[in-house]
Amino acid sequence: MSGEIWDSGLQSERTRLAWVRTAVMLSTGGLAATGLSFRYGHAPVAAVGFALAALCGGVLLLRTGVRYRRVQEALHGGRPLDCGLDVLFAWFGTLCAVAGAIVFVLTAR
């Protein structure tokens, strides 16, 4: 695989940036919300949800380079794309963040 641009629209590059944005928001948002939960004495369950969201975001961020290479190889080889595991991490992280937020709001004093 050469370093040249394969398509003029840079679709895979834009997709990679979208995955990076998702991962960064999950990880930083989860860490910040975990800190707020502990600082203001909310239920530990909320902090666990936020911490799991941060963990999922970190895993997605670590997998970004591997996922990008696999996407490029699949596009150049004419094979279907497979990012099922990454999608599960993104959904699980989002659901954990939402669950943590619900608990955070319901336990607010």
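A crossing of two helices is called left-handed if the near helix is turned anticlockwise from the far one by less than a right angle. In this predicted model, helix H1 passes helix H4 in just such a left-handed crossing.

Let's look at that pair. The axes of H1 and H4 sit 11 Å apart, at an angle of about 30 degrees. Angles under 35 degrees count as roughly parallel, so H1 and H4 are roughly parallel to each other.

Here is who meets whom:

| Helix | Residues | Residues in the contact |
|---|---|---|
| H1 | 11-39 | Trp-19, Leu-26, Leu-36 and Ser-37 |
| H4 | 84-106 | Asp-86, Val-87, Ala-90, Gly-93, Thr-94 and Phe-104 |

By type, the residues of this contact come out as six nonpolar, three polar and one charged.

Now for H1 on its own. With 29 residues at 1.5 Å a residue, H1 should span 42 Å, and its end C-alpha atoms are indeed 42 Å apart, so the two agree. After H1 comes Gly-41, with a positive phi near 70 degrees.

Which residues are buried in H1? They are Ser-12, Trp-19, Ala-23, Leu-26, Ser-27, Gly-30, Ala-33, Thr-34 and Ser-37. Their cover includes H4, along with helix H2 (44-62) and helix H3 (64-77).

Ser-37, which belongs to H1, deserves its own look. Its relative accessibility is 1%, so Ser-37 counts as buried, the cut-off being under 20%. Leaving out residues up to four places away in sequence, Ser-37 touches His-42, Ala-46, Ala-47, Phe-50 and Phe-104.

Definitions and conventions:
Residues numbered from 1 in each chain as written. Predicted model: local features only at pLDDT ≥ 70, side-chain atom pairs only at ≥ 80, totals over all residues. Heavy atoms only, no water. Axes fitted to C-alpha atoms, helices over the stretch in contact; angles between N-to-C directions. Helix = DSSP H or I, 4+ residues; strand = E, 2+ residues; numbered from the N terminus. Parallel < 35°, antiparallel > 145°, perpendicular 65-115°, else oblique. Contact = heavy atoms within 4.5 Å. Nonpolar A, V, L, I, M, F, W, Y, C, P; charged D, E, K, R; others polar. Expected span 1.5 Å × (residues − 1). Buried < 20%, exposed > 50% of the residue type's maximum accessible area, 1.4 Å probe, protein only.
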